[in-house]
Amino acid sequence: MFLDRRCWCGMHEGMSLMEAALLKKWETVAVRYHELTNQLMEPSVISQPGLLHKVNKERTEIEPLAKLFDVYQDYTRQLEEAAHILGDPSADGEMQKMATEETALLTRQRNELEERARVQLIPKDPRDEKNLFLEIRAGTGGDEAALFAGELFRMYTKYADRKGLKVEIVEASETGIGGYKEVIALVEGKGAYGQLKYESGVHRVQRVPATEASGRIHTSTVTVAVMPEADEVDVKIDPKDLRIDTFCSSGAGGQSVNTTYSAVRITHIPTGVVVSCQDERSQLKNRNKAMRTLRARILEAEQEKQEAVIAQNRKAQVGTGERSEKIRTYNFPQNRVTDHRVGLTLHKLELVMEGDLDEIVETLKSQQQQAETVKA
């Protein structure tokens, strides 16, 4: 079933250590798949529904990669056969030509399989499938920063809509001129966090504000934080550690939205984390949303502490708004957006602001995959 050791060594002579490790890992997955297939036929497994479900689940998860390896082996065997023909002095010219063409085709196909496997072998972030909390805050730049915070929120809302994700505002502090001092939203849907996790950091905007009579370009900043929603099993919160206050909801300028005490503010006393929600008319709904936000913030703070111990010089700052360097610049006069982490510049700012973030997100994903591949 699996490659002969002599064939393996000969085929990949001169290959890099990274590629050798990748193929070994790939083969291990294929071996495991066939082990699990055999286990599904064992009476001792069949008689235990829980174990049967566990074995079948693991087998289903690795099946695509194992099937790819079977095809890879088939290509390898065909390449060996073509190599024998090319090395046979008694083979006629027509056979040699066919073997040369087949070698080129099979080599290309096998390389493509390796690339597909390389991506699938990268360890997946278990948080990628989770919902997330998106926090956008106006930074330097006064009203202009608040206006751009509103535009960024609309950009993310349109992007989420393209991806089939649902966006709900949890808390918002509006300026009354179409902007936000702060807006916190819950984004729900399959793969939500994986789609937006690269957006955390400082976003810089360069443009001429509508109020600027001289036409001078202003630079403002907005901070974005993306936090995966924490499950109850991830964060244990003792009700005795909470202080819950209710108050009347208010809108832009502080005016009262309603006269009932539907808005909720929750303080986690041990950590000092405070969250509030007034988006819903129901106090119970606001409380549930606030608790979901609270769990996400506490989990994020815990993860930051762990990362600080592991790598002091690379402390994660998601959710704190303390990133010292901008991650992206939106230059309106030049219709240009630049992501500084990957050196990507696009001259289609108007499309990006309409939610067309795919090229940026895919480039960032690709960079991470390459980094993970090197680590593997």
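Which residue just after α6 takes a positive phi? In this predicted model, the residue is G164, whose phi is about 75°.

**Two helices**

Helix α6 (residues 142-162) has 21 residues, which at 1.5 Å a residue should span 30 Å, and the 31 Å between its end C-alpha atoms agrees with that expectation. Helix α4 (residues 49-86) has 38 residues and likewise comes close to its expected length, although α4 bends by about 50° at E63, with a proline, P64, following within four residues. The spans are set out below.

| Helix | Residues | Expected span | C-alpha span, first to last |
|---|---|---|---|
| α4 | 49-86 | 56 Å | 54 Å |
| α6 | 142-162 | 30 Å | 31 Å |

**Nonpolar cores**

The buried residues of α6 include the aromatic side chains F148, F153, Y156 and Y159, together with others such as L152 and M155, and the charged E144 is also among them. The largest nonpolar core of the model has 35 residues, and those with the most contacts inside it are I136, L152 and Y156. Among the elements that each supply at least two residues of this core are the strands β1 (132-138), β3 (180-188) and β5 (218-228), as well as the helices α7 (192-196) and α10 (358-375); α6 gives the most, with 8 residues. Once its neighbours within four places in sequence are left aside, Y156 is in contact with L134, I136, L196, E199, H203, V224, R328 and L357. A second, separate core, of 22 residues, includes L40, V45, I62 and Y72.

**Two buried sites: M291 and E229**

M291 is found in helix α8 (residues 283-310), and because its relative accessible area of 16% is under the 20% cut-off, M291 counts as buried. Leaving aside neighbours within four places in sequence, M291 is in contact with I237, L242 and I266. The C-alpha atoms of M291 and V275, 16 residues apart along the chain, are separated by 8.1 Å.

E229, by comparison, lies in the loop between β5 and β6 (242-247), yet at 10% relative accessibility E229 also counts as buried. The side chain of E229 makes a polar contact of 2.5 Å with the side chain of R292. With neighbours within four places in sequence again left aside, the residues in contact with E229 are K130, N131, L132, F133, L186, R292 and A296.

Notes:
Residues numbered from 1 in each chain as written. Predicted model: local features only at pLDDT ≥ 70, side-chain atom pairs only at ≥ 80, totals over all residues. Heavy atoms only, no water. Expected span 1.5 Å × (residues − 1). Bend = angle between axes of the 7 residues up to and from the residue. Buried < 20%, exposed > 50% of the residue type's maximum accessible area, 1.4 Å probe, protein only. Core = buried A, V, L, I, M, F, W, Y, C linked by side-chain atoms within 4.5 Å. Contact = heavy atoms within 4.5 Å. Polar contact = N/O pair within 3.5 Å; in protein donor to acceptor, adjacent residues only side chain to side chain.
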